[in-house]
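The exercises below are meant to be worked with the sequence and the model side by side. Try each task before reading its solution.

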Amino acid sequence: MAKRLVCLKLGGSLITDKATPMEEKKAVIVTLAGQIAAALQKDKNLQIIIGNGAGSFGHYAVITHHMQNGLNEPDKNMGYTYVQQAVAKLNRSIVDALLDAGVPAMSFQASSSLIGNGGSIQKFPLEVIEEAMSHNIIPVMYGDILFDTKNGSMIASTELLIGAAAAALVHNGHTI
C-alpha cells in the first residue's frame with residue numbers, strides 16, 4: 001500500500017498562551033506529540049508533515065521589533081534575527097516533545113532555505129523534505145521570517161509554508 005501524506009498544523013493559539021509573550025503550553029504540546037506518535041504507530045502507511053504556528057513567540061517578536069514593514073527599514077537587522085530566534089525556540093520545543101514521544105522529527109527552518117519575493121515564496125526546495133520523508137523522518141516546519149527580494153523581509157505563515165510544500169510535493173508526484 002502507498003504511503004498517505006497528511007499536512008498537520010499545530011496552531012499558535014493551541015500551543016502558546018497568546019496573552020503572555022513567549023509562553024508555550026507545554027502540557028498541550030506533550031499531549032499532541034503523544035497523539036501524533038499513536039497515529040503513526042497505528043497507521044504504518046501514514047506520513048506527516050507538521051507545521052507549527054508562531055503564537056505568542058512570533059507575534060510578540062514581530063511587534064516588539066517592528067518587523068511588520070520588512071527589513072528595508074533602517075536598523076532592522078537585529079529585529080529580523082530576534083524574530084527568527086523566537087520562532088525557532090518554539091519549534092525546538094515542539095521537536096523535543098515529538099522526539100520524547102518517539103517520533104523521528106526534524107526541524108525545517110524556512111529562514112535558512114527559502115527566499116520571498118513581494119510576499120510570495122520564490123521556490124520551495126523539496127530535496128531535504130523528500131529525503132527526510134524517504135527515511136520516515138517527520139519534517140516540522142514553522143511560521144518564520146524570510147529574506148524578501150522586494151521588501152527586505154517577509155513573514156511566512158505556517159499556512160503559506162505548508163501550502164507551498166504541499167503544492168511542490170504534488171508537482172513532484174506525491175499524493176496528499
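Two strands pair if DSSP finds at least two bridges between them, and the elements themselves are DSSP runs numbered from the N terminus, helices being H or I over at least four residues and strands E over at least two. This is a predicted model, in which local features need pLDDT of at least 70 and side-chain atom pairs count only at pLDDT 80 or more, while totals for chains, interfaces and linings use all residues. Residues are numbered from 1 along each chain as its sequence is written, and side-chain values use heavy atoms, with hydrogens and water left out.

**Exercise 1.** Work out how β7 and β8 pair, and which strands stand at the edges of their sheet.

Solution. Begin with the pair itself: β7 (residues 144–148) and β8 are joined in the antiparallel sense over five bridges, and L146 has M154 of β8 as its bridge partner. Next, place the pair in its sheet, an open one of four strands in the order β5-β4-β7-β8 with mixed pairing. Finally, look at the ends of that order: β5 (120–121) and β8 (152–156) are the edge strands with a single partner each, so one side of each has no neighbour in the sheet.

**Exercise 2.** Describe the sheet that contains β6, and find the bridge partner of S107.

Solution. The sheet is open, with four strands in the order β1-β2-β6-β3 and parallel pairing. At its edges are β1 (4–10) and β3 (105–108), each of which pairs on one side only. From one strand to the next the twist averages 25°, where angles run from 0 to 180 degrees between N-to-C directions and axes are lines fitted to C-alpha atoms, for helices over the stretch in contact. Within this sheet, β3 and β6 (residues 138–142) pair in the parallel sense over four bridges, and the partner of S107 in β6 is V140. Against the sheet packs α4, which touches β1, β2, β3 and β6 and whose direction makes about 150° with that of β6; contact here means heavy atoms within 4.5 Å.

**Exercise 3.** Compare the span of α4 with its expected value.

Solution. Helix α4 covers residues 77–100, 24 residues in total, and reaches 35 Å from its first C-alpha to its last, close to the 34 Å expected at 1.5 Å a residue; the expected span is 1.5 Å times one less than the number of residues. Just after α4, G102 takes a positive phi of about 90°.

**Exercise 4.** How do α2 and α3 each lie relative to α4?

Solution. Take α2 (residues 26–42) to begin with: α2 and α4 pack at about 45° with their axes 8 Å apart. This makes α2 oblique to α4, since angles under 35 degrees count as roughly parallel, over 145 as roughly antiparallel, 65 to 115 as roughly perpendicular and the rest as oblique. The contact is made by K26, I29, V30, A33 and I36 of α2 with L90, S93, I94, A97 and L98 of α4.

Turn now to α3 (residues 55–64), whose axis comes within 8 Å of that of α4 and crosses it at roughly 170°; the two helices are therefore roughly antiparallel. Here F57, G58, A61 and V62 of α3 meet Y82, V83, A86, V87, K89 and L90 of α4. By class, these residues divide into eight nonpolar, one polar and one charged, with Ala, Val, Leu, Ile, Met, Phe, Trp, Tyr, Cys and Pro counted as nonpolar, Asp, Glu, Lys and Arg as charged, and the others, Gly among them, as polar.
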